[in-house]
Amino acid sequence: MFKSEGQFRCLPQPEQLQGLRARTEQGREWMMAQSGLVVAGIDVAKDKVDVCLRKFALRQVFPNTAPGHSKLVAWLRKHQVNKAVMEASGGYERDWAKVLRQAGIEVRIVDPRRVRSFALSAGRLAKNDPIDAGMIAWFAETFDEIPGQIHDAAREELAALVKARKNLIDVKTRLQSQNEHAGPRPVQKAHSHVLKSLAAEIAKLETAISAKVKATPGFAERAEIIESVPGLAETTSAILIAGMPELGMVGEEIAAALIGLAPYDDDSGKRRGERHIKGGRRWVRNAVYMPCLSAATQHNPVLKAFYQRLIAKGKEPKVALVACMRKLIVILNVMIARRQKWDAARYTSA
């Protein structure tokens, strides 16, 4: 049975939808104006940045030059920007972030994957630099409760050294794998020369990492605490200092999530799926994997006992090892918060 035309009048007509969107946008703008929040979304490229101020519907491009830096700061100050937000862009964002922080503007660097997922969830499929700047601003406005990161130049330098060492080790490992297969003598000879050079450069970086940690009081104290744990050495402590500065300042669940060791549910209705770890700082997690494997199977009595209990309960070795990694991070979080060195008796029953 068909309904009369009058029975449909409660539904918005197509010509009314545009006005509805406009009123919704006006309401959002009014709320932002009341809060006083002005966010700059910055899309960083090698030679320039695209900047968007959604509050004023303004867009601008600035070259990656000293005059361009000055013009950006002046433009943001003119519009009383509270926070500048940009994606991690392989290092290109660092100079811009430094300039803005020196000018007293709060900076927040976000994960590009989160911004892209946010854009897709909003139905924004198109992608270019101006659009990306707008999406970064919109993302930051939506999640404005997250504060900007406190800049730590010493930690940034240590992180650069640690990541450079990791990259060279990755190259070394690939070449060593290739050398396992017989090849022409010139190839083997070239690989041998490169491997010797890589070993020398890795040693230089390790010396620089050690010097940086010892020369920074806060780092040295953390290193002493971390290295007191059986199975963890100087290299692992430097990675954790550089990649997990939040240790000792957050709860255990957050600490596990930051490194990507928190198990997440996968349930729907009556279905109960397996819990899996996901997200987090993969490079830190990968770097801690082998030291934790060594600690859980050989050098650390607490982790070794925990690992063996899980195996006895039928857990897969890799699942048990991930649980050990999570336990280790939780213990380190407590130790650093309390500024205490390793005490096996304290964590035997944990």
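**Briefing: a covered helix, a five-stranded sheet and a pocket**

The buried residues of helix H9 are Thr 236, Ser 237, Ala 238, Ile 239, Leu 240, Ile 241, Ala 242 and Gly 243. The model is a predicted one. Besides H9, the points below cover an open sheet of five strands and the second largest pocket, with a volume of about 520 Å³.

**Helix H9**
- H9 spans residues 234-243 and is mostly covered, with eight of its ten residues buried.
- The elements covering these buried residues include helix H6 (153-179), helix H7 (185-215), helix H8 (217-226), H11 and H13.

**The sheet**
- The strand order is S3-S2-S1-S4-S5, and the pairing is mixed.
- Strand S3 (58-63) and strand S5 (106-110) are the edge strands, each pairing on one side only.
- From one strand to the next, the twist averages 25°.
- Strand S2 (residues 48-53) and S3 run antiparallel and are joined by six bridges; Asp 50 stands opposite Val 61 in S3.

**Strand S1**
- S1 is largely enclosed by the rest of the structure, because six of its six residues are buried.
- Val 39, Gly 41 and Asp 43 point one way from the strand, while Ala 40, Ile 42 and Val 44 point the other way; all are buried.
- On the S2 side, S1 runs antiparallel to its partner, with four bridges between them, and the two strands form a hairpin with three residues between them.
- Val 44 has Val 49 in S2 as its bridge partner.
- With S4, S1 pairs in the parallel sense over four bridges; here Gly 41 stands opposite Val 85.

**Helices on the sheet**
- Helix H2 (residues 66-78) packs on the sheet and touches strand S1 (39-44), S2 and S3. The direction of H2 makes about 155° with that of S3.
- Helix H5 (residues 129-142) lies across S1, S2, S3, strand S4 (83-87) and S5. H5 runs at about 140° to S1.

**The second largest pocket**
- This pocket has a volume of about 520 Å³. Of the 17 residues lining the pocket, Arg 275, Ile 277, Lys 318, Val 319 and Val 322 are the closest to its centre.
- Strand S9 (276-277), helix H11 (282-299) and helix H13 (317-338) are the elements that give two or more residues to the lining.
- H13 gives the most, with six residues.
- By class, the lining has nine nonpolar, two polar and six charged residues.
- H11 and H13 thus appear in two places: among the elements that cover the buried residues of H9, and in the lining of this pocket.

Notes
Residues are numbered from 1 along each chain as its sequence is written. This is a predicted model: local features need pLDDT of at least 70, side-chain atom pairs count only at pLDDT 80 or more; totals for chains, interfaces and linings use all residues. Side-chain values use heavy atoms; hydrogens and water are left out. On a 1 Å grid over the protein atoms alone, a cavity is a set of points where a 1.4 Å probe fits but cannot get out, and a pocket is an open set with protein on both sides within 12 Å along at least five of seven lines; lining residues have an atom within 4 Å of a point. Grid points are joined across faces, edges and corners, and a volume is the space filled by probe spheres set on the points. Ala, Val, Leu, Ile, Met, Phe, Trp, Tyr, Cys and Pro count as nonpolar, Asp, Glu, Lys and Arg as charged, and the others, Gly among them, as polar. Buried means under 20% relative accessible area, exposed over 50%, partly exposed in between (1.4 Å probe, protein chains only). Contact means heavy atoms within 4.5 Å. Two strands pair if DSSP finds at least two bridges between them. Axes are lines fitted to C-alpha atoms, for helices over the stretch in contact, and angles run from 0 to 180 degrees between N-to-C directions.
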